[in-house]
Amino acid sequence: YTVSHENLMSLCRVQKDMNQLSCGMRIISCPLPHFGLPFVYCCLMGLYLGSETFILPYNEFLRTPLLFLEAVGNLGLTHALTTHFIMDYSLRHMNVDYRSAQLGHIQNLQILIRERPSTDFHRQLASTLLCNNLREQSINYSLFSHNVPLISSRGWFQRKPNIVHLELESL
């Protein structure tokens, strides 16, 4: 896979269309932004959309596991990208303090995974965050491969898929 300006812009366009992102929509990203979708969300999507991108440093998250949910709630963000590990780690460290974060405004909580998500994890995540007004339809999973880092598939979504028409020449 060749990384070029055209390929990166195509990837941004696909993410914008598939995630229903719009200009001015604020984004938060927490995973390590070295390659693949985390790189695209941390470094490129804000520029592509002309919007603010909040990057939560991974080491800060490890010190304060609920920092991601607090940031999403306090900043009123509608789109958030994180990994399965980060959400699992947050769930294991939750107590009554997390209930103050209001998550009802989130339209898309995109969680990067390496394999099909566990139904137990999804149920635990949804039931835990329902008291924060997060809609279950807002939780989405993207299959992410470290072997081919710029390719991901949007599988296992709660909401209806969008039909995206792309010209083969632009890919």
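Where in the chain is the place of G104? In this predicted model, G104 sits in the loop between α5 (84–92) and β4 (108–113). The protein chain around that loop has six helices and six strands in its secondary structure, and, read from the N terminus, its elements follow the order α-β-α-β-α-α-β-α-β-α-β-β. The points below take the chain as a whole, then its nonpolar cores, and then two individual residues.

**Overall architecture**

- The protein chain has 171 residues, of which 44% count as buried.
- Among contacts between residues at least 6 apart in sequence, 78% join residues that are at least 24 apart.
- The chain exposes an area of about 9,000 Å², and 55% of this area is supplied by carbon and sulfur atoms.

**Nonpolar cores**

- The largest nonpolar core holds 29 residues, and the members that touch the most other members are F68, M87, L109 and L125.
- At least two residues of this core come from each of the elements α4 (67–75), α5, β4, α6 and β5 (139–144).
- Apart from this core there is a second, separate one of 14 residues, with L21, V40, L44 and L112 among them.
- When residues up to four places away in sequence are left out of the count, L125 touches M87, L91, I111, I139 and Y141; M87 is also named with L125 among the core residues that touch the most other members.

**The loop residue G104**

- G104 has a relative accessible area of 30% and is therefore classed as partly exposed, since that class lies between the limits of 20% for buried and 50% for exposed residues.
- Leaving aside residues up to four places away in sequence, G104 touches N132, N133, L134 and R135.
- For one of these residues, L134, the C-alpha atom is separated from that of G104 by 4.7 Å, although the two residues are 30 residues apart along the chain.

**The helix residue H122**

- H122 is placed in helix α6, which covers residues 119–129, and helix α6 is also one of the elements that each supply at least two residues to the largest nonpolar core.
- Is H122 buried or exposed? With a relative accessible area of 11%, H122 is buried, because the class of buried residues takes in values under 20%.
- The side chain of H122 is joined to the side chain of E136 by a polar contact of 3.0 Å, so that this buried histidine has a polar partner in E136.

Key
Residues are numbered from 1 along each chain as its sequence is written. This is a predicted model: local features need pLDDT of at least 70, side-chain atom pairs count only at pLDDT 80 or more; totals for chains, interfaces and linings use all residues. Side-chain values use heavy atoms; hydrogens and water are left out. Helices (H or I, at least four residues) and strands (E, at least two) are DSSP runs, numbered from the N terminus. Buried means under 20% relative accessible area, exposed over 50%, partly exposed in between (1.4 Å probe, protein chains only). Contact means heavy atoms within 4.5 Å. A polar contact is a pair of N or O atoms within 3.5 Å; within protein, one must be able to donate a hydrogen and the other to accept it, and residues adjacent in sequence count only if both atoms are side-chain atoms. Accessible areas come from the Shrake-Rupley method with a 1.4 Å probe; for residues, only the protein chains shown count as cover. A nonpolar core is a set of buried Ala, Val, Leu, Ile, Met, Phe, Trp, Tyr and Cys residues joined through side-chain atoms within 4.5 Å.
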